[in-house]
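Trainee: I would like to go through this structure with you. Could we start with the ligand and then move on to the strands?

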Amino acid sequence: MDQSMKWTVVGQVEDIPRQGSRVVRTESGNIAVFRTAADEVFALEDRCPHLGGPLSQGIVHGKRVTCPLHNWVIELSSGEAAAPDEGCTGSIPVRVENGTVSLGLAGFRPGLGRGGCSHG
Amino acid sequence: MSTQQIGMGNHGMNSTAPRERLVVVGNGMAGIRTVEDLLAKAPGRYDITVFGAEPHPNYNRIMLSPVLAGEKTFDQIVLNTRAWYEENGIRLISGDRVESIDRAARTVTAVSGLTVGYDKLLLATGSNPFIIPVPGVDLPGVIGFRDLADVEAMLAASKSGRHAVVIGGGLLGLEAANGLNINGMTVTVIHLMDTIMERQLDSSAGTMLQRELEGRGLTFLTGANTAEIVGEGRVQAVRLKDGREIPADLVVLAVGIRPNMALGQSAGLECGRGIKVDDAMVTSDPDILAVGECVEHRGMTYGLVAPLFEMAKVAADRLAGGAEAAYAGSVTSTKLKVTGVDLFSAGDFTADKDCEDIVFRDASRGVYKRIVLKDNRVRGAVLYGDTKDGAWYFQMLKDGEDVTPVRDTLIFGQGFGGGEAANPKAAVAALADSAEICGCNGVCKGAIVKAIKEKGLTSVDEVRAHTKASASCGTCTPMVESVLAVTLGAAYAGEAKAKPMCKCTDRTHDEVRQAIKALGLKSIPDVMQRMEWKTADGCHSCRPALNFYLLAEWPGEYKDDYRSRYINERVHANIQKDGTYSVVPRMWGGVTTANELRAIADVVDKFAIPQVKVTGGQRIDLFGVKKEDLPAVWADLNAAGMVSGHAYAKGLRTVKTCVGSEWCRFGTQDSTGMGIKLERMTWGSWTPHKFKMAVSGCPRNCAEATIKDLGVVAVDSGWEIHVGGNGGIHVRATDFLVKVETEEEVLEYTGAYMQLYREEARYLERTAPWIERVGLDYVRTRIVDDPENRKALHARFLFSQTFSQDDPWAERASGGVDRHEFSALAQVG
Ligand code: SRM
Ligand SMILES: Cc1cc2nc3c(=O)[nH]c(=O)nc-3n(C[C@H](O)[C@H](O)[C@H](O)COP(=O)(O)OP(=O)(O)OC[C@H]3O[C@@H](n4cnc5c(N)ncnc54)[C@H](O)[C@@H]3O)c2cc1C
Ligand code: SF4
Ligand code: FES
């Protein structure tokens with residue numbers, strides 16, 4: 001990952017419920033920050049690639065989240081929809097140090113796939 | 001007609017000749033198996049009459065344990081329905097005990113006075129529980145564990161009493177104790193020996209089993225000798241020889257069985273420990289045969305079905321006119337049918353100095369295996385925790401096979417070495433045709449493969465129907481499935497059984513529910529662990545279902561897992577397409593007040609709520625509320641006395657009412673008041689899917705009660721209760737359940753019905769498809785015909801309600817619950 005990345009602290013891992021998510025508000029739209037059962041942290045644009053459902057409100061299982069509106073399943077690490085659905089939402093780089101969560105927000109624009117998004 | 005009738009016996013009977021009369025005494029497993037075998041060999045040869053003392057058709061007695069444990073219903077264990085007897089022209093006289101045999105006149109006479117003549121008589125009277133000779137055994141509340149009546153008595157006792165004592169820690173005693181424990185009783189097992197099941201297990205395995213069962217809440221008193229059963233008019237306690245007294249509302253005697261030979265004895269047949277038979281299953285009277293637990297053969301008596309079925313085959317052959325088949329005695333193996341406990345034992349494991357002992361222990365996996373060898377031949381085997389090689393060892397034991405070639409790896413089981421130990425199909429593929437798959441019915445692999453190929457079988461059910469494999473205790477079902485898979489290859493479509501819950505598991509909803517109950521599983525990770533989930537933490541489909549099952553099973557004990565709740569149920573509002581929420585306050589029975597309406601209007605103004613709509617459920621919906629405003633909106637509504645309407649819940653939604661007798665010129669009862677009472681009793685409840693009710697004041701039915709999950713329609717003389725309606729995707733009108741007179745009865749039936757639905761329906765199964773699946777008759781038998789059960793269900797419903805009637809809005813608006821849900825983690829830029 002780009003060493004010169006600028007990191008923005010958004011909170012503590014403890015602030016996010018396990019198997020849950022919290023929202024970070026930005027000028028360019030909401031970001032959903034997820035914490036899995038295994039305490040990994042991921043961040044995605046809070047918009048489902050289907051019809052824009054708020055992914056932060058979904059059920060988190062494994063390294064995936066299920067959209068609350070029509071049950072698309074989205075990979076937390078890449079923002080890709082799991083087959084048979086097709087689509088991708090932007091993913092945001094995350095750094096966790098001593099329990100503090102930072103996001104790499106440089107260049108984050110809603111609808112712009114970042115990070116692992118292969119066709120965004 | 002002579003015994004040794006010559007000829008084919010098959011279809012060759014001259015239709016004009018009177019048929020020989022066969023009378024069977026004992027409508028149980030061995031007797032009816034003989035009849036089945038006989039019908040296969042010589043259909044139509046006999047005019048058959050079957051007497052059974054029990055009032056039921058033949059059922060799988062082995063499965064009484066799962067019935068007691070709530071894992072199966074009686075209907076599921078019936079082996080031969082009444083229709084079967086009819087189709088085969090068999091006269092079944094059930095509920096009538098044969099009292100005497102007149103061998104000279106060749107007749108039998110039953111208690112009812114009915115006398116029937118025979119040419120051949122088959123005795124299959126089974127056995128009786130052994131009654132220990134201590135004072136008090138005849139007190140009410142002391143029973144055996146032998147037939148359905150015993151199971152019913154135990155279930156009844158578990159409703160009225162708390163303490164059960166099981167005397168005898170053998171197979172039967174432990175299955176009884178486990179079942180009673182599952183039914184909520186505190187169970188103490190009194191066992192004479194120092195370790196339990198000492199006839200089948202060595203002390204290591206016995207101790208492991210005891211630990212496991214203690215972990216489930218059973219108490220064991222080993223080395224304990226019963227002196228007396230005490231009680232006045234009814235059992236109250238069991239006193240031991242050392243003076244200890246254990247309180248008991250129910251005592252189950254499970255210390256052994258005694259062949260039931262009274263009838264044979266009184267008829268003058270030669271008897272020892274049982275009715276004596278020769279290798280052809282013929283008694284000392286050439287026209288009388290005997291099979292099953294009632295017989296003594298070469299000095300042996302048996303108490304498991306496998307040998308009885310072998311006897312049945314021989315007897316059937318003899319009755320069909322054959323002269324060759326002979327019974328030579330059996331070696332038996334044992335499994336314990338307690339869900340979650342894997343236990344296998346066969347042969348003799350009391351090692352003497354000429355024996356070699358191979359022992360394998362893996363404490364962390366809870367596995368223990370011991371093989372006893374003599375002269376390099378398997379003489380006994382005890383397996384605990386991992387029993388998949390039981391059949392293999394048992395086969396070697398019966399064959400007396402020399403194990404020298406595999407001696408070194410014997411203990412690791414059959415699959416060892418090929419790296420295929422984990423693949424049961426490969427293990428089954430490697431079996432010889434002569435290997436036995438079904439121990440109970442003595443069906444070997446070759447016979448199953450042959451049936452599959454010749455008859456084009458494609459499912460376990462079909463294999464069971466054609467070969468009897470897996471038809472008795474059922475533990476070999478996975479092996480039979482593997483044989484199917486190996487034989488059919490890609491053509492095997494798998495079992496068309498109920499679908500797994502989701503792709504995280506192979507288990508069905510029903511299996512999971514039963515396990516939660518039977519194994520006392522109390523958390524989602526626990527269920528996933530024990531039921532071998534294939535994913536680490538499930539998915540959006542199974543987690544909410546598991547959460548519901550646990551909540552329903554352990555009210556007050558299980559803590560709701562909000563992370564496994566769909567968003568609406570997690571934040572107690574309905575998510576909308578734009579990510580905002582809707583808010584629906586409860587309006588009890590559809591009645592509101594100026595104050596409530598004013599408060600709603602104020603909230604709408606204060607939070608600039610874009611739309612207010614009257615719902616189809618007789619209340620008001622506020623659409624477009626921002627998530628972060630929810631707690632404040634709720635606080636204001638709470639302040640005016642309003643609570644959540646649970647418009648989002650898999651639980652009680654609304655109780656619609658019409659105006660009823662208060663105002664309406666046709667009203668017969670106060671339907672509005674009834675509706676409010678129903679809503680007060682049931683609000684806050686969680687159910688498998690949403691649950692809607694309505695109460696109409698007369699049959700004009702303005703509240704549309706007949707398309708609700710439960711609808712009440714008032715009539716002059718009381719209230720009609722209708723169930724299973726649905727106005728959604730597939731409209732279904734309700735079925736009439738019952739008519740009652742009082743409001744109290746309406747409440748009781750409603751609570752009982754909701755509880756039955758909650759306990760037995762699958763998650764996301766609405767009452768309409770549920771009733772279509774289980775049948776209205778079933779619901780009737782559970783709550784209309786059985787007042788005690790209805791009251792118990794209603795009581796369980798009310799008990800659960802004591803934990804769920806807290807307004808979720810208040811908890812979040814002022815109680816600080818889940819605060820993180822309603823605020824952002826951070827604001828950047
Ligand atoms: C608000 C309301 C429509 C209205 O504006 O009137 C409504 C709104 C929704 N209904 Fe409904 N139903 C509403 C009354 C009904 C009724 C009429 C009734 O209750 O008398 C029915 C038919 C009766 C029945 O259920 O048998 C009804 C049958 C359904 C169904 C089909 C259920 C079925 O078993 O086939 C669904 C889909 C589902 O549950 O899976 C559904 C699902 C929904 C959902 C939850 C759709 C969704 O998943 O988002 C809607 C949520 C709206 C919201 O956010 O508040 N709604 N829905 C009504 C709320 C009633 C209330 O006060 O709680
Ligand atoms: C709870 C339980 C669990 C068991 N688990 C297993 C297991 O896991 N594996 C296994 O192999 N075996 C098991 N068994 C044992 C197995 O059920 C019996 O071995 C088998 O049922 C015996 O068959 P039977 O036909 O000899 O007797 P039964 O099945 O008992 O049939 C005898 C029938 O004859 C009737 N009868 C008796 N006298 C008369 C009369 N004078 N007139 C008319 N009818 C009469 C009786 O009412 C009874 O219905 C279990 C038994 C019980 C009770
Ligand atoms: S009928 Fe129900 S589910 Fe369909 S749009 Fe209307 S409210 Fe939504
Ligand atoms: S908006 Fe996410 S699945 Fe439709």
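Mentor: We shall discuss a ligand site, a sheet and a salt bridge in turn. Please keep in mind that this is a predicted model.

Trainee: Understood. Which residues come nearest to ligand 2?

Mentor: There are 32 residues around ligand 2, and those that come nearest are Ala30(B), Glu54(B), Arg146(B), Glu293(B) and Lys337(B).

Trainee: What does Arg146(B) do there in terms of polar atoms?

Mentor: A polar atom of the Arg146(B) side chain lies 2.5 Å from an oxygen atom of ligand 2. The side chain of Asn260(B) also places a polar atom 3.3 Å from a nitrogen atom of the ligand. For Val305(B), the atom concerned is a backbone N or O, 2.8 Å from an oxygen atom of ligand 2.

Trainee: How much of the ligand's accessible area does the protein cover?

Mentor: On its own, ligand 2 has 990 Å² of accessible area, and the protein covers 94% of that.

Trainee: Which elements give two or more residues to the shell?

Mentor: In chain B, they are helix H1 (29–41), strand S2 (46–52), helix H6 (171–182) and helix H9 (305–319). The largest share, three residues, comes from H1(B).

Trainee: And what is the make-up of the shell by class?

Mentor: The shell has 13 nonpolar, eleven polar and eight charged residues.

Trainee: Where does the ligand lie with respect to the domains of chain B?

Mentor: Ligand 2 lies between domain 1 (3–126 + 259–319) and domain 2 (142–255) of chain B, because both give residues to its shell.

Trainee: Let us change topic. What is the strand order in the open sheet of five strands?

Mentor: The order is S8(A)-S4(A)-S3(A)-S2(A)-S37(B), with mixed pairing. The edges are strand S8 (91–92) of chain A and strand S37 (826–828) of chain B; each has a single partner strand, so one side of each is left without a neighbour in the sheet.

Trainee: In which sense do S2(A) and S37(B) pair, parallel or antiparallel?

Mentor: Strand S2 of chain A, residues 20–26, pairs with S37(B) in the parallel sense, over three bridges. Thr26(A) stands opposite Val828(B) of S37(B).

Trainee: Finally, how many salt bridges does a search of the whole structure find?

Mentor: The search finds 53 over all chains. One salt bridge joins the side chains of Arg64(A) and Glu75(A), at 2.8 Å from N to O. That pair links distant parts of the chain, eleven residues apart: Arg64(A) is in strand S6 (residues 64–66) and Glu75(A) in strand S7 (residues 73–75), both of chain A.

Terms used. Residues are numbered from 1 along each chain as its sequence is written. Chains are lettered from A and ligands numbered from 1 in the order in which they are written. This is a predicted model: local features need pLDDT of at least 70, side-chain atom pairs count only at pLDDT 80 or more; totals for chains, interfaces and linings use all residues. Side-chain values use heavy atoms; hydrogens and water are left out. A residue is near a molecule or strand if one of its heavy atoms lies within 4 Å of it. A polar contact is a pair of N or O atoms within 3.5 Å; within protein, one must be able to donate a hydrogen and the other to accept it, and residues adjacent in sequence count only if both atoms are side-chain atoms. Accessible areas come from the Shrake-Rupley method with a 1.4 Å probe; for residues, only the protein chains shown count as cover. Helices (H or I, at least four residues) and strands (E, at least two) are DSSP runs, numbered from the N terminus. Ala, Val, Leu, Ile, Met, Phe, Trp, Tyr, Cys and Pro count as nonpolar, Asp, Glu, Lys and Arg as charged, and the others, Gly among them, as polar. Domain bounds come from an automatic or database domain assignment. Two strands pair if DSSP finds at least two bridges between them. A salt bridge is a side-chain nitrogen of Lys or Arg within 4 Å of a carboxyl oxygen of Asp or Glu.
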